[in-house]
Amino acid sequence: TSLVTVQNIIDDVTSGNELSATGGNQLARYITKKIELAEEADKIDVFLNINRPRAANVDLYWRVVEGGSNVDIATVDWTLSPGTNSTSSPPSAPINDNPAVFEEIQYSIDPLASGDPPTGGSFGTMQFKIVLRSTNSSTVPQVKDFRAIAST
């Protein structure tokens, strides 16, 4: 007889505060390193390939710092990004219980339209946070092929 057990550390806290610069209530999150651009940009297109089983979801948060600013990006609050090819808010990939099938979700981020950076200029540093949520620890979302393209 053999037994294999798995418990993923994940939850789906509806009152979680992932928008503050530090902390948050969700257990499963990935924060990228800060990305300093060679040239300032105005917009970001992010692409994620997501496998989303039932009762699971993935959220993308972002933050930017104006080019030439002395502000530490770790002190800037996060902003939840809406997806461009999804009708839900926050966006979600189609439900798929087959762990081998991933759906590409695109996020178009315009920091100037949202009031970030506060002075309305272009940005020179960006960072992302991917939050994985599920109400069942045995069926978790998966993300691969993260791509962020900054442009003017």
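How many bridges join strand β2 to β7? In this predicted model, strand β2 (residues 35-41) and β7 run antiparallel and are joined by 3 bridges. One residue pairing helps to locate this contact on screen: Glu 36 has Thr 125 as its bridge partner in β7.

Strand β7 is a good place to begin a tour of the structure. It spans residues 123-134, and 11 of its 12 residues are buried, which leaves the strand mostly covered. Besides β2, two further strands can be followed along β7. Strand β1 (residues 28-31) pairs with β7 in the antiparallel sense, over 4 bridges, and here Tyr 30 finds its bridge partner in Ile 130. Strand β4 (residues 56-66) is also antiparallel to β7, with 11 bridges between the two. Within that pairing, Trp 62 stands opposite Phe 128 of β7.

Phe 128 deserves a second look. The residue is buried, and its relative accessible area is 0%. The structure contains 1 aromatic pair, and Phe 128 forms it with Phe 146 in an edge-to-face arrangement, the ring centres 5.4 Å apart and the planes at 65° to each other. Because Phe 128 belongs to strand β7 and Phe 146 to strand β8 (residues 142-151), the pair ties together parts that are 18 residues apart in sequence. Phe 146 itself counts as partly exposed, at 31% relative accessibility, whereas Phe 128 is buried.

Aromatic rings also meet charged side chains in this model. Lys 129 lies over the face of Tyr 61, 5.2 Å from the ring centre. A second case involves Lys 144, which is placed over the face of Phe 102 at 4.4 Å from the centre of that ring.

Attention turns next to the charged pairs. Side chains of opposite charge can pair when their charged atoms come close. Across the whole structure, 6 salt bridges are found. One of them joins Arg 29 to Glu 18, with 3.6 Å between the closest N and O atoms. Arg 29 sits in strand β1 while Glu 18 belongs to the segment before β1, so this pair ties together parts that are 11 residues apart in sequence. The two partners can also be described by their surroundings: Arg 29 is partly exposed at 32% relative accessibility, and Glu 18 is buried at 3%.

Another salt bridge leads back to β7. Asp 59 and Arg 133 form it, and their closest N and O atoms are 2.7 Å apart. Since Asp 59 lies in strand β4 and Arg 133 in strand β7, the pair ties together parts that are 74 residues apart in sequence. The two side chains are also joined by a polar contact of 2.7 Å. Asp 59 is buried, with a relative accessible area of 5%. Arg 133 is buried as well, at 15%, a value that falls under the 20% limit for that class. The arrangement extends to a further residue, for Asp 12 is linked with Asp 59 and Arg 133 in a network of salt bridges.

A third salt bridge is found between Glu 104 and Arg 147, whose closest N and O atoms are 2.3 Å apart. Glu 104 is in strand β6 (residues 103-109) and Arg 147 in strand β8, so that distant parts of the chain, 43 residues apart, are linked by the pair. Both residues are partly exposed: Glu 104 has a relative accessibility of 37%, and Arg 147 one of 30%.

What surrounds Ser 134? This residue is part of strand β7 and counts as buried, at 2% relative accessibility. Leaving aside its neighbours within four places in sequence, Ser 134 is in contact with Ile 10, Asp 11, Asp 12, Ala 55, Ala 56, Thr 139 and Pro 141. Among these, Asp 12 has already appeared as a member of the salt-bridge network with Asp 59 and Arg 133. The side chain of Ser 134 also approaches two backbone oxygens. A polar atom of that side chain lies 2.7 Å from the backbone oxygen of Thr 139, and the backbone oxygen of Asn 136 lies 2.9 Å from a polar atom of the Ser 134 side chain.

Key
Residues are numbered from 1 along each chain as its sequence is written. This is a predicted model: local features need pLDDT of at least 70, side-chain atom pairs count only at pLDDT 80 or more; totals for chains, interfaces and linings use all residues. Side-chain values use heavy atoms; hydrogens and water are left out. Buried means under 20% relative accessible area, exposed over 50%, partly exposed in between (1.4 Å probe, protein chains only). Two strands pair if DSSP finds at least two bridges between them. Rings of Phe, Tyr and Trp (its six-membered ring) pair if their centres lie within 6.5 Å; planes under 30 degrees apart count as stacked, over 60 as edge-to-face and the rest as tilted. A charge sits over a ring if NZ of Lys or CZ of Arg is within 6 Å of the ring centre and within 35 degrees of the ring normal. A polar contact is a pair of N or O atoms within 3.5 Å; within protein, one must be able to donate a hydrogen and the other to accept it, and residues adjacent in sequence count only if both atoms are side-chain atoms. A salt bridge is a side-chain nitrogen of Lys or Arg within 4 Å of a carboxyl oxygen of Asp or Glu. Contact means heavy atoms within 4.5 Å.
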